[in-house]
Structures are given as structure tokens and as C-alpha cells.
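Hi everyone, thanks for making the time. I'd like to walk you through one structure, residue by residue and then pocket by pocket, so have a look at it with me.

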Amino acid sequence: MKKASPNKQIVPGSKLDKRFYLQEDVVEAARNLLGKYLFTRFDGQLTGGIITETEAYAGVIDKASHAFGGRRTNRTETMYSEGGTAYVYLCYGMYSLFNVVTNKKDIPHAVLIRALHPVVGLDIMEKRRKMKPASKNFSGGPGTLSIALGIHFTSHNGLPLAGSEIWIEDRKLKIAPSQITIGPRVGVESAGKDALLPYRFRIRPEDLLYH
DNA sequence: CGGCCGATCCACT
DNA sequence: GTGGATCGGCCGA
């Protein structure tokens with residue numbers, strides 16, 4: 001009997017379209033982004049991988065969101081852009097965190113991309129991360145995946161995912177509901193009862209090896 | 001203008 | 001499991 005083996009073959013993909021980014025349910029959007037491919041191409045260097053963990057931030061009614069209560073500041077202004085915009089901000093003074101803005105303009109929904117399974121441009125990402133792509137912690141957190149992809153808050157905040165050096169593709173990787181773990185979001189303890197909302201989606205680690 | 005703190009990561013124990 | 005790194009955003013004075 002044939003043994004299952006990792007399939008890293010790159011299937012022709014299509015960029016996610018406006019309809020995807022305009023979906024009104026940001027929790028659905030977060031779930032739907034699992035298994036999609038996130039790419040960057042800076043200075044001709046193509047890097048990318050499979051999104052394996054996301055969190056939904058539900059805008060003005062979500063205490064864990066930067067836009068809670070309709071807060072509009074210089075930083076959060078990006079969240080009020082039309083769906084399909086990159087919201088990248090500095091966290092803990094040293095990490096750029098990458099979010100996908102969804103829904104209509106002025107509705108500040110966003111999905112934080114929390115983990116990436118590296119697939120394309122491994123050599124380039126290895127140099128950026130200064131570690132082997134097979135290492136634990138290579139791109140399994142929101143800060144480290146931005147380093148691997150070369151995403152930085154000063155350069156890439158506000159970029160349109162439909163026409164820039166950052167984009168997301170659907171390569172028809174199917175994620176079954178049984179492969180998805182759902183739970184509360186990370187690092188949002190101060191959000192009161194919103195901290196308990198099941199807005200975090202993950203592909204189970206054991207399912208990451210075979211796709 | 002001062003101070004607090006964060007959607008994190010890593011080294012060290 | 002714990003704490004240090006490191007700095008822009010934000011709020012209050």
C-alpha cells in the first residue's frame with residue numbers, strides 16, 4: 001500500500017477577488033482564509049505559504065479590536081479601508097503583525113494571520129529568519145511569519161491585496177471542518193467576555209504535513 | 001510631555 | 001514557566 005507523502009506541488013492559483021474580501025461575516029472570513037496561500041514579492045523575491053491559523057476581529061463591537069467603539073486614530077485608519085487592504089502594525093515594539101481587512105469601507109473588520117506553513121521561496125525566507133524552514137517557530141506565529149515574508153509595518157500597511165506586492169491565492173487546498181480547531185483568541189485577556197469568543201481558527205498541526 | 005502597555009518571541013531555568 | 005527586548009500608540013496632565 002502506498003504511503004502518504006507530503007505534496008508540495010504548486011497548483012495554479014487565482015487571487016482572491018473583491019467578493020471574498022467584502023464578505024460581511026468576518027468570522028467566516030477568518031475560517032475561509034485557512035488553507036489559502038499568502039505571497040509576497042519584494043525586489044523580485046517570491047515567498048509564500050499556506051495560512052494555517054487566523055483570528056477574526058469584529059470591529060466596533062469587539063473589545064479586542066483596535067477599532068472597538070469606533071475608535072479612529074492614525075493607526076486604526078487602515079482598518080476602515082475597503083476589504084482587501086493589508087493592515088500591518090507594530091506589536092511589542094519589534095514585530096509587524098499582518099491583518100487582512102474585510103467588509104465594506106468604514107466597517108473595520110480584520111483577520112489576523114497568525115501562522116503560515118512555508119512553501120515557496122524557502123531559501124529566501126531562511127535568510128530572513130536566519131533559521132531553517134523546518135525549524136520549530138519558523139513562521140508559526142504572527143511576528144515570525146511577517147519576518148519570513150519580509151512584511152514590515154512601515155512599508156506595507158495599507159497596501160491593496162488586489163494590486164501590490166502582497167496577495168492571497170486560492171489554490172484549491174481543501175480544509176475539512178474536522179481539520180479545524182476553534183478556540184478563543186490569543187493575548188486578548190483584557191477584552192472582558194469578548195476574550196472568550198471562539199474567533200481563532202487553526203489547521204491541526206498533524207494535518208499540516210499532508211496537503 | 002511622561003508613562004504605561006501591547007493581537008510577540010526567544011533564551012534561559 | 002518566566003522575564004527581557006524594544007518602541008509607537010494612546011491617554012491623561
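Before the contacts, one definition: when I say contact, I mean heavy atoms within 4.5 Å. And please keep in mind that this is a predicted model.

How confident is the predictor? Chain A averages a pLDDT of 93, and 92% of the residues score at least 70. The exception I'd flag is residues 1-7, where pLDDT stays under 50 and the model has five contacts beyond four places in sequence. Where pLDDT is low, the predicted coordinates should not be read in detail.

Let's start with T54, in strand β3, which covers residues 45-57. Is T54 buried or exposed? With a relative accessible area of 0%, T54 is buried, because buried means under 20%. Its side chain reaches the backbone oxygen of A30 at 2.8 Å. A30 also turns up in the contact list of T54, once neighbours within four places in sequence are set aside. That list continues with R31, L33 and L34, then V111, L112, I113 and R114, and finally Y199, R200 and F201.

Next is N99, which sits in strand β5, residues 95-102. N99 is buried too, at 5% relative accessible area. A polar atom of the N99 side chain lies 3.4 Å from the backbone oxygen of L97. Not counting residues up to four places away in sequence, N99 touches T85, A86, Y87 and Y89, along with A110, V111 and L112. You'll recognise V111 and L112 from the contacts of T54.

Now for some empty space. The second largest pocket holds about 480 Å³. Which of its 23 lining residues are closest to the centre? They are Y57, Y89, V186, G187 and V188; Y89 is also a residue that N99 touches. Strands β4 (86-91), β5 and β6 (109-120) and helix α4 (142-149) each supply at least two residues of the lining. By class, the lining has 15 nonpolar residues, six polar and two charged.

Last stop, G158, in the loop between α5 (153-156) and β7 (166-170). G158 counts as partly exposed, at 37% relative accessibility. Beyond its neighbours within four places in sequence, G158 is in contact with T78, T85 and A86, and T85 and A86 are on the list for N99 as well. For a sense of scale, G158 and R202 are 44 residues apart in sequence and 26 Å apart in space, C-alpha to C-alpha.

That's my tour, and I'm happy to take questions.

Terms used:
Residues are numbered from 1 along each chain as its sequence is written. Chains are lettered from A and ligands numbered from 1 in the order in which they are written. This is a predicted model: local features need pLDDT of at least 70, side-chain atom pairs count only at pLDDT 80 or more; totals for chains, interfaces and linings use all residues. Side-chain values use heavy atoms; hydrogens and water are left out. Helices (H or I, at least four residues) and strands (E, at least two) are DSSP runs, numbered from the N terminus. Buried means under 20% relative accessible area, exposed over 50%, partly exposed in between (1.4 Å probe, protein chains only). A polar contact is a pair of N or O atoms within 3.5 Å; within protein, one must be able to donate a hydrogen and the other to accept it, and residues adjacent in sequence count only if both atoms are side-chain atoms. pLDDT is the predictor's confidence in each residue, from 0 to 100. On a 1 Å grid over the protein atoms alone, a cavity is a set of points where a 1.4 Å probe fits but cannot get out, and a pocket is an open set with protein on both sides within 12 Å along at least five of seven lines; lining residues have an atom within 4 Å of a point. Grid points are joined across faces, edges and corners, and a volume is the space filled by probe spheres set on the points. Ala, Val, Leu, Ile, Met, Phe, Trp, Tyr, Cys and Pro count as nonpolar, Asp, Glu, Lys and Arg as charged, and the others, Gly among them, as polar.
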